[in-house]
Amino acid sequence: MRVQSSATGSSSIAVSTSPADPGGAVPASQRLGTLQAALGVVAFSLTFPATAWGLQGFGPWSLVAVRSVLAAAMAGTCLLALRVRLPERRHWAGLAVVAAGVVLGFPMLTTLALQTSTTSHAAVVVGLLPLTTALFSALRMGIRPSRTFWAAALAGAAAVLTFTVAQSGGALTAADGYLFAALVVCAAGYTEGGRLARVMPGWQVIGWALVFCLPLTVPAAVVALSYEPVVWNVHGVLGVLWVAAGSQFLGLVVWYRGMAAVGIPKASQLQLAQPLLTLVWSVLLLGEHLSAAAPLTAAAVLVCIAVTQRSRS
């Protein structure tokens, strides 16, 4: 694996197909990529609690539109300051998929779901995201993970689903339709973003996706704010600021860089820990309660993540 310098002075990570060294040492670039992907997971794990906070002050349509505009303002400022050129036209279709999946689709669908669903129930679907992302990457990029990889991924997903369904009482809600649709569009956006992050810096992938959505999100924010009353409170403001800066921009920057470094299937398996992290934040920030099964599930998930990280594609 090697690091190439981009025209803007940033570094992009080119993925080599050469095998790991005989001694079994993990290259520093792969360790960095794993760390970046993990930081992205931590940022994403706060999305549902922050969205629940944001809904205390904003309507669902206002929340999604405002978060996208704020994130685009951050991204656009960075792109202008560094004088980054427009991406090549051949990448526009991929950026449109990223925009539709992670800028518009996933935030809107999950926000609508969280109006009637708890964060722990929503985490059920998030637990399926690593498998869905791996499936999309296999179809889109011809990646064929090993049987060991799939077995560990399925085991981890089963552990997460069992735990989160138990946390929500085992009942399905009307919000599941939104959540399953969000799962599909997010996996597509992650896959395409991970592919693009191999040819351009990850922050530019999400940055351009956000900026390209401004012709839609700015009018949407104006209309939504005119129809949905805003209640100014600390939770509402902190919630919208986090989902804009942490979830929508900075989290995706490190996430796409991590996927480019270690590969989409392996990076996606780190998200097996996301539902458990979300439940922890839900206890600390929203006052929800966890069962005694949490430590056992966490241990099982960590084992599955370790197996998927060591398995060969």
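1. In this predicted model, V102 is in contact with P107, C186, G189, Y190, I206, Q248, L252 and Y256, once its neighbours within four places in sequence are left aside. V102 also belongs to the largest nonpolar core, which has 65 residues, and it is listed there with Y190, I206, W255 and Y256 as the members that touch the most other members. Helix 11 gives the most to this core, contributing nine residues. As background for a reader new to the subject, nonpolar side chains tend to be buried together in soluble globular proteins.

2. Apart from the largest core lies another core of six residues, and among them are L63, V66, V240 and V243.

3. The aromatic side chains deserve a point of their own, since a search of the whole structure finds eight aromatic pairs. In one of them, the rings of F44 and W255 have their centres 5.9 Å apart and their planes at 75 degrees, and because an angle over 60 degrees counts as edge-to-face, the pair is given that name. F44 sits in helix 1 (residues 28-45) and W255 in helix 11, so that the pair links distant parts of the chain, 211 residues apart. Both F44 and W255 are buried, and ring pairs join these two residues with Y190 into a cluster.

4. A second pair, formed by F58 and W232, is edge-to-face as well, with 5.9 Å from centre to centre and 80 degrees between the planes. F58 lies in the loop between helix 2 (47-54) and helix 3 (60-81), while W232 lies in the loop between helix 10 and helix 11, so the pair ties together parts that are 174 residues apart in sequence. The two partners should be described with care: F58 counts as buried, because its relative accessibility is 7%, whereas W232 is exposed, with a relative accessible area of 67%.

5. W232 should also be considered from the outside of the protein, where it forms a nonpolar patch on the surface with L70, V237 and L241, and the four together have about 400 Å² of accessible area. The loop that holds W232 runs between helix 10 (214-227) and helix 11 (234-262).

6. V234 is found in helix 11 and counts as exposed, at 59% relative accessibility. The C-alpha atoms of V234 and G57 are separated by 8.5 Å, although the two residues are 177 residues apart along the chain.

7. Helix 2 is mostly covered, as seven of its eight residues are buried, namely T47, F48, P49, A50, T51, W53 and G54. These buried residues pack against several other helices, which are helix 1, helix 3, helix 4 (92-113), helix 5 (119-126), helix 11 and helix 13 (274-286).

8. For the protein as a whole, there are 14 helices and two strands, and buried residues make up 53% of the 313 residues. Among the contacts with a separation of 6 or more, 90% are accounted for by residues 24 or more positions apart. The accessible surface comes to about 13800 Å², and 69% of it belongs to carbon and sulfur atoms.

Methods. Residues are numbered from 1 along each chain as its sequence is written. This is a predicted model: local features need pLDDT of at least 70, side-chain atom pairs count only at pLDDT 80 or more; totals for chains, interfaces and linings use all residues. Side-chain values use heavy atoms; hydrogens and water are left out. Patches are made of residues with over 30% relative accessible area and no salt bridge: like charges are joined within 9 Å, nonpolar side chains (Val, Leu, Ile, Met, Phe, Trp, Tyr) within 5 Å. Accessible areas come from the Shrake-Rupley method with a 1.4 Å probe; for residues, only the protein chains shown count as cover. A salt bridge is a side-chain nitrogen of Lys or Arg within 4 Å of a carboxyl oxygen of Asp or Glu. Helices (H or I, at least four residues) and strands (E, at least two) are DSSP runs, numbered from the N terminus. Rings of Phe, Tyr and Trp (its six-membered ring) pair if their centres lie within 6.5 Å; planes under 30 degrees apart count as stacked, over 60 as edge-to-face and the rest as tilted. Buried means under 20% relative accessible area, exposed over 50%, partly exposed in between (1.4 Å probe, protein chains only). A nonpolar core is a set of buried Ala, Val, Leu, Ile, Met, Phe, Trp, Tyr and Cys residues joined through side-chain atoms within 4.5 Å. Contact means heavy atoms within 4.5 Å.
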